[in-house]
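User: I'm new to this structure and would love a close look at one part of it, followed by a friendly tour of how other parts are held together.

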Amino acid sequence: QLHSDLDKGVGSVKYTLSGDGAGTVFTIDETTGDIHAIRSLDREEKPFYTLRAQAVDVDTKKPLEPESEFIIKVQDINDNEPKFLDGPYVASVPEMSPVGAYVLQVKATDADDPTYGNSARVVYSILQGQPYFSIDPKTGVIRTALPNMDREVKEQYQVLIQAKDMGGQLGGLAGTTTVNITLTDVNDNPPRFPKSIFHLKVPETSHVGSAIGRIRAVDPDFGKNAEIEYNIVPGDGGNLFDITTDENTQEGVIKLKKPLDFETKKAYTFKVEASNLHLDHRFHSVGPFKDTATVKINVLDMDEPPVFSKPMYTMEVYEDTPVGTIIGAVTAQDLDAGSSSVRYFMDWKNDVDSYFTIDATEGTIATNELLDRESTAQYNFSIIASKVSNPLLTSKVNVIVNVLDVNEFPPEISVPYETSVCENAKPGQVIQTITAADKDLSPAGQRFSFKLSSEASNKPNFTVHDYRNNTAGIETRRNGYSRRQQELYFLPIVIEDSSYPVQSSTNTLTIRVCRCDSDGTIQSCNVEAIFLPVGLSTGALIAILLCIVILLVIVVLYVALRRQKKKDTLMTSKEDIRDNVIHYDDEGGGEEDTQAFDIGALRNPKVIEDNKIRRDIKPDTLRFTRHRPPAEDNTDIRDFINQRLQENDVDPSAPPYDSLATYAYEGNGSVAESLSSIDSLTTEADQDYDYLSDWGPRFKILADMFGEESYNPDKVT
């Protein structure tokens, strides 16, 4: 209540209220000054209000006292329960953890005033989840309450946590949340085989490296703690098999390391050990984290292909051995219980296989053609063996045949030598060292001997010195050589090998005499240098030769141009490049005229006769048309005319040249029929030539000539 000292209680004073919540939250009695709350207050929404009050004279409306300010504070009551703002919670703890292992800390928030009373003092407790877990009532830390909780027994736990204010006293408000706790795995369980013996059946034809069976040990752990490694314990049959781990299923996959043979051994027994890869030292006291089982494998008998006695056969044969000579044999056997006969045949792949044949029953290999070591030194082919009882079962083996060399080629000088000797050479001087080569396969210690031929040994020019190491030196035998007397010497050298039979050849070495200085350095070996004057150098000689060649080229070009010009003149005067057209000043004698035009020009247009004399014949009186069958032997002329007609028809730039020529036969099948008036029944005056205008641009000139001018008999000559 507000009250002014000037208020006498007669109603002369009026009280007013302003500030936070005035008129909405709080109201004042204008006469008595009592302040009332007109709605519920919430401390958590607004803890205090600042208001201003004033006493005013009712009559004058003037303030009786200065405006005064006051604060209304909202007193807290316990009207808010604790809340877990981060709930529900998810936590994990390793299995087999000791009592008191930390799991998680939860926290509840109370909106009440923590400075006033116990409204905001929260106490935590577990409503569900005991006896596995416990919680600190003040801090909210959750810990394990039981030792050795096993994930393999129970993995998931749901704990219900309560937070209560008023210090947990009766009448306090409470809130709850859920904590989902998972036990994480540790390697506390060793792998165990579900049975002590595993039986497997494997065909003897199983391929090396193939999987022949699977075994599995069970580990209840999870993830990497359940990873298992399998090993074969050394013992019976362990060296024939191998085992690996399937990473997806953690199974042991047994694979074959070596081929199996039912006839050799029918069963194998060995032990397999399964152990964990990732061990936990805290559980070593539990016992060894591994287990052992026995694997028994029974080999199944299968129908197998024949087996060769060797994995590969190597044979040798001399070249030029007669066809049909046996060079060796292959052997294959059927090792199955019911032994079957074996047949052999070549595995034809290329033409090389045709050099040999094999006996289908005995397996002997013989030559089928003559062999040449220099052509092919080694042959490689395959032999296939099949069972008579089951031809589909086959096996293959490689055969290598080495062709041995027979000494059939003589040795020769290895490379062509360019040998020279100085004019001032001294006797005994080595001018060339030569070596030899043999096309035959030279055996170890092959030696070549060198000597002069019998006809050259008597000449006092050069000699051959054999160094006994497959080389020889050419030495001079006289003092000085003259290029003017003899420029080239041909030295025949005989080379022999040491094989049987001995082969030899005569090789000619060309020796050129050269001019050298006093030190033996070659200065010139050209023959023309002998005849040159002393003052004329080689460069000057080359320049003179070039000038002569240029003059000869100019003369040849000039003569060729003169001949070409003369030929072009004759061609222009004697040939008509427009399809060999011949012009006449008057009308010829028709088909009977064989002198006015030579039919040979049409039979071979490329042949043009010079100085052909024209003899015109006056046309006879008009007579009836004579139908003459085309000559059967003039197909070449017909083809020529058709070809030239087609070329001009498709050429739009070719002008319609008019010409008159005599042919060996009258054409047929023309749409325009005959244009000649020689054999016409009527005269030109009786004919209408207007149809020439419909034949196209090639007949335009004829249409103009016969269409516009009238026929005048006096003009006919």
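How many residues lie between β16 and β17 in the hairpin, and which residue in the turn has a positive phi?

Analyst: Happy to help! Please keep in mind that this is a predicted model. The hairpin made by β16 and β17 has five residues between the two strands. In the turn, Q250 has a positive phi of about 55°. Strand β16 covers residues 241-245 and strand β17 covers residues 251-256; the two run antiparallel and are joined by five bridges. To find one of these contacts on the screen, start at T244, whose bridge partner in β17 is V253.

With that hairpin in view, another strand pairing is a good place to go next. Strand β33 runs antiparallel to β34 (residues 471-476), again with five bridges between them. Here V464 stands opposite I474 in β34. This pairing belongs to an open sheet of four strands, in the order β29-β31-β34-β33, with antiparallel pairing. The edges are taken by β29 (412-413) and β33 (462-466); each has a single partner strand, so one side of each is left without a neighbour in the sheet.

Now let's turn to the side chains, beginning with the aromatic rings. Across the whole structure, a search finds 16 aromatic pairs. One of them joins Y355 and Y379 in a tilted arrangement, with 5.2 Å centre to centre and 45° between the planes. This pair links distant parts of the chain: Y355 sits in the loop between β24 (342-346) and β25 (356-358), while Y379 belongs to strand β27 (residues 378-387), 24 residues apart. Y355 is partly exposed, having a relative accessible area of 24%, whereas Y379 is buried at 2%.

Another pair, F356 with F381, is stacked: the centres are 5.1 Å apart and the angle between the planes is 25°. Because F356 lies in strand β25 and F381 in strand β27, this pair ties together parts that are 25 residues apart in sequence. Both F356 and F381 are buried. Taken together, Y355, F356, Y379 and F381 are linked by ring pairs into a cluster.

Rings can also have a charge above them. The charged end of K46 sits over the ring of Y49, 5.6 Å from the ring's centre. In a similar vein, K266 lies over the face of F262, at 4.9 Å from the ring centre.

Salt bridges are the next kind of contact to look for, and the structure holds 14 of them. Among them is the one between the side chains of R52 and E67, at 3.9 Å from N to O. R52 lies in strand β4 (residues 48-57) and E67 in the loop between β4 and β5 (68-73), so this pair ties together parts that are 15 residues apart in sequence. R52 is partly exposed, with a relative accessible area of 31%, and E67 is partly exposed as well, at 44%.

A further salt bridge joins D347 and K396, whose closest N and O atoms are 3.1 Å apart. D347 is in the loop between β24 and β25, and K396 is in strand β28 (residues 394-404), so the contact ties together parts that are 49 residues apart in sequence. D347 counts as buried at 13% relative accessibility, while K396 is partly exposed at 48%.

You can also look for E487 and R512, whose side chains meet in a salt bridge at 2.8 Å from N to O. This contact again links distant parts of the chain: E487 is in the loop between β34 and β35 (488-496), R512 is in strand β36 (residues 504-516), and they are 25 residues apart. E487 counts as buried at 18% relative accessibility, but R512 is partly exposed at 33%. Elsewhere, R151, E152, E155 and D185 are linked in a network of salt bridges.

Two last stops complete the tour. On the surface, I544, L545, I548 and L552 make a nonpolar patch of about 370 Å². L552 is found in helix α2 (residues 538-574) and counts as exposed, at 54% relative accessibility. Towards the start of the chain, D7 lies in the segment before β1 (13-19) and is buried, with a relative accessible area of 13%. The C-alpha atoms of D7 and T32 are separated by 9.4 Å, although these residues are 25 residues apart along the chain.

Methods
Residues numbered from 1 in each chain as written. Predicted model: local features only at pLDDT ≥ 70, side-chain atom pairs only at ≥ 80, totals over all residues. Heavy atoms only, no water. Phe/Tyr/Trp six-rings, centres within 6.5 Å; stacked < 30°, edge-to-face > 60°. Buried < 20%, exposed > 50% of the residue type's maximum accessible area, 1.4 Å probe, protein only. Lys NZ or Arg CZ within 6 Å of the ring centre and 35° of its normal. Patch = residues over 30% accessible without salt bridge, like charges linked within 9 Å, V, L, I, M, F, W, Y side chains within 5 Å. Areas by Shrake-Rupley, 256 points an atom, 1.4 Å probe, with all protein chains shown as cover. Salt bridge = Lys/Arg side-chain N within 4 Å of Asp/Glu carboxyl O. Pairing = 2+ DSSP bridges.
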